[in-house]
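Dear colleague,

I am passing the structure below on to you, together with notes on what was found in it. Please read the notes with the coordinates open beside them.

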Amino acid sequence: MPMEPIPDLAALSLADIARLAEERKLPPIERWNPTHCGDSEMRIARDGTWYHQGSPIGREAMVRLFATILRRESDGSYVLVTPVEKLDIVVEDAPFVAVELKASGTGRDSVLTFRLNTGDLVTADAAHPLRFEARDDGPRPYLHVRGGLDAVVARAVYYELAQRAIDGDDTPPGIWSAGQFFAIEPTATDAAA
């Protein structure tokens with residue numbers, strides 16, 4: 001079965017985004033508990049590139065398919081899981097990258113939707129919060145995607161978020177999406193984590 005093409009986020013309305021998110025059916029990986037089978041020999045690099053045996057996976061449809069069976073275990077490790085096997089996968093930072101932002105509204109009425117490198121659409125809200133972690137090279141933003149899986153927000157998209165925070169009048173500076181406020185500066189708790 002062929003994968004649907006990646007949507008053009010800029011051309012979608014909020015209603016289109018909501019419909020596409022609702023239609024997205026993922027396999028029930030949280031209910032699959034096969035025996036651990038070993039190492040997948042796969043790695044997801046910091047930039048979101050997927051590798052198998054040291055070579056980049058060039059077929060976008062394969063990456064999108066593997067992303068649907070990616071799960072984070074309770075010990076923080078990552079696995080690819082099917083009903084009959086579970087294989088380790090190395091994730092260098094976050095398994096996804098938020099590569100595009102569509103913002104509608106301003107201030108408290110803002111809705112921010114992100115397109116991931118896998119084509120998935122995620123709206124920042126209570127179930128999909130944004131967080132900013134303190135790093136040596138400055139704050140690093142993350143978006144919760146699902147089941148313990150996050151997307152690191154690409155630098156260009158982070159600059160868009162920072163500009164929205166600068167344009168706002170909130171203290172501390174932050175951004176709004178779907179009725180939720182996300183402080184753009186890491187809190188002491190975030191920095192210690």
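**Salt bridges**

The side chains of R135 and E133 are joined by a salt bridge, with N and O 3.0 Å apart. Please keep in mind throughout that this is a predicted model. The two partners differ in burial by the cut-offs used, because R135, at 32% relative accessibility, counts as partly exposed, whereas E133, with a relative accessible area of 18%, is buried, the limit for that class being under 20%. The pair also belongs to a wider arrangement, a network of salt bridges that links R131, E133, R135 and D150.

In total the structure holds eight salt bridges. One of them is formed by K86 with E73, and the closest N and O atoms of this pair are 3.2 Å apart. K86 lies in strand 6 (residues 86-91) and E73 in the loop between strand 4 (70-72) and strand 5 (78-81), so the pair ties together parts that are 13 residues apart in sequence. Both of these residues, K86 and E73, are buried.

Another salt bridge is that of D93 with R140, where the closest N and O atoms are 2.5 Å apart. Here D93 sits in the loop between strand 6 and strand 7 (96-104), while R140 belongs to strand 11 (residues 140-146), so this contact ties together parts that are 47 residues apart in sequence. D93 is buried, and R140 is buried as well.

**The sheet and its pairings**

Six strands form an open sheet, in the order 9-8-7-12-11-10, and the pairing within this sheet is mixed. Strand 9 (121-123) and strand 10 (130-133) are at the edges and have a single partner strand each, so one side of each is left without a neighbour in the sheet. From one strand to the next, the twist averages 40°.

Within that order, strand 7 and strand 12 (residues 149-153) run parallel and are joined by three bridges, with F96 standing opposite A151 of strand 12. Strand 10 and strand 11, by contrast, pair in the antiparallel sense over four bridges. These two strands form a hairpin with six residues between them, and G138, in the turn, has a positive phi of about 110°.

E133 deserves a second look in this setting, since the residue is found in strand 10 and stands opposite R140 in strand 11. R140 is the residue that forms the salt bridge with D93, and E133 is the one that forms the salt bridge with R135. E133 also comes up in a contact over a longer stretch of chain: its C-alpha atom and that of E185 are separated by 8.0 Å, although the two residues are 52 apart along the chain.

**Strand 13 and its surroundings**

Strand 13 (174-177) pairs with strand 14 (residues 180-183) in the antiparallel sense over four bridges, and S177 stands opposite Q180 of strand 14. The hairpin of these two strands has two residues between them, and A178 takes a positive phi near 50° there. Both faces of strand 13 are covered, as G174 and W176 on one side and I175 and S177 on the other are all buried.

The loop between helix 3 and strand 13 contains P172, which at 39% relative accessibility counts as partly exposed. The C-alpha atoms of P172 and E185 are separated by 7.6 Å, with their positions 13 residues apart along the chain.

**The second largest pocket**

Which elements supply at least two residues each to the lining of the second largest pocket? They are helix 3 (155-167) and strand 13, and the largest share, three residues, comes from strand 13. The pocket has a volume of about 170 Å³. Its lining is made up of T106, G107, R108, S110, R164, D167, G168, D169, D170, G174, I175 and W176. Sorted by class, these comprise two nonpolar, five polar and five charged residues. Three of the residues named here, G174, I175 and W176, are also among the buried residues of strand 13 described above.

With best regards

Methods
Residues numbered from 1 in each chain as written. Predicted model: local features only at pLDDT ≥ 70, side-chain atom pairs only at ≥ 80, totals over all residues. Heavy atoms only, no water. 1 Å grid on protein atoms, 1.4 Å probe; cavity = no way out; pocket = protein on both sides within 12 Å on 5 of 7 lines; lining within 4 Å. Points joined across faces, edges and corners; volume = space filled by probe spheres on them. Nonpolar A, V, L, I, M, F, W, Y, C, P; charged D, E, K, R; others polar. Salt bridge = Lys/Arg side-chain N within 4 Å of Asp/Glu carboxyl O. Buried < 20%, exposed > 50% of the residue type's maximum accessible area, 1.4 Å probe, protein only. Pairing = 2+ DSSP bridges. Axes fitted to C-alpha atoms, helices over the stretch in contact; angles between N-to-C directions.
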